[in-house]
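Q: Could you take me through one part of this model up close? I'd like to see how the helices pack, and what lies around that packing.

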Amino acid sequence: MDIDELIDNFSFFDGWEEKYQYVIDLGKTLEPLDDSFKTETWKIKGCQSQVWLVPDFNKETIHFRGDSDAILVKGIIAIVLLIYNDKTPEQIKNIDVKEIFVKLGLEENLTPSRRNGMMSMVAKIKEYADNC
């Protein structure tokens, strides 16, 4: 699935409850993250829940894996990874994620602490891209 398809999928839902369930369902699609990565090294600071994000640097792109101890946050991770996975560092730096979050309805429907956590994940991804 690409970003446009994700935005289209969200547009089919009438209310936040349906979108909320879809976000949870997206979280169930995350590739497993081995417990050995669930350490302070990979933990994202600024998240209300525990969140771990692990980059895998390929020749030109970065692939991310993530996990959380909260089901809704797993879905948010899935969305963030869908946006950023397998992109070059330059592409990652140029993505306007706030515009995407607005189109998905995440900007207005997530609590401030969840939005802050989501932006902490994005900041860490951009930090990894900057350090390539």
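A: Here's a walk through the helix packing, followed by a cavity and a loop residue. Keep in mind that this is a predicted model.

Let's start with helix 1, which covers residues 3–11. Its axis and that of helix 5 (residues 97–104) come within 9 Å, crossing at roughly 30 degrees. An angle under 35 degrees counts as roughly parallel, so helix 1 is roughly parallel to helix 5. Which residues make this contact? On the helix 1 side they are Ile3, Leu6, Ile7 and Phe10, and helix 5 brings Ile100, Lys103 and Leu104. Sorted by class, that contact has six nonpolar residues, no polar ones and one charged.

Helix 1 also packs against helix 3, which spans 71–84. The axes of helix 1 and helix 3 come within 9 Å too, but here the crossing is roughly 145 degrees. From helix 1, Ile3, Leu6 and Phe10 do the touching, and they meet Ile79, Leu82 and Ile83 of helix 3. The contact between helix 1 and helix 3 is made up of six nonpolar residues, with no polar and no charged ones.

Now stay with helix 3 and turn to the cavity. Searching the whole structure turns up one cavity of 30 Å³ or more, and the volume of the largest cavity is about 60 Å³. Helix 3 and helix 7 (112–130) each put at least two residues into its lining. Helix 7 is the biggest contributor, giving five residues. If you want to find the spot on your screen, pick out the lining residues: Cys47, Gln48, Ser49, Val51, Val73, Ile76, Ser113, Arg114, Gly117, Met118 and Met121. By class, the lining of this cavity is a mix of six nonpolar, four polar and one charged residues.

One last stop is the loop that runs between helix 3 and helix 4 (89–94), where you'll find aspartate 86. What is its backbone doing? Aspartate 86 has a positive phi, at about 60 degrees, even though it isn't a glycine. Its relative accessible area is 43%, so aspartate 86 counts as partly exposed.

To pull the threads together: helix 3 meets helix 1 through Ile79, Leu82 and Ile83, and helix 3 also supplies part of the cavity lining. Helix 1, for its part, makes contact with helix 5 as well.

Notes: Residues are numbered from 1 along each chain as its sequence is written. This is a predicted model: local features need pLDDT of at least 70, side-chain atom pairs count only at pLDDT 80 or more; totals for chains, interfaces and linings use all residues. Side-chain values use heavy atoms; hydrogens and water are left out. Axes are lines fitted to C-alpha atoms, for helices over the stretch in contact, and angles run from 0 to 180 degrees between N-to-C directions. Helices (H or I, at least four residues) and strands (E, at least two) are DSSP runs, numbered from the N terminus. Angles under 35 degrees count as roughly parallel, over 145 as roughly antiparallel, 65 to 115 as roughly perpendicular and the rest as oblique. Contact means heavy atoms within 4.5 Å. Ala, Val, Leu, Ile, Met, Phe, Trp, Tyr, Cys and Pro count as nonpolar, Asp, Glu, Lys and Arg as charged, and the others, Gly among them, as polar. On a 1 Å grid over the protein atoms alone, a cavity is a set of points where a 1.4 Å probe fits but cannot get out, and a pocket is an open set with protein on both sides within 12 Å along at least five of seven lines; lining residues have an atom within 4 Å of a point. Grid points are joined across faces, edges and corners, and a volume is the space filled by probe spheres set on the points. Buried means under 20% relative accessible area, exposed over 50%, partly exposed in between (1.4 Å probe, protein chains only).
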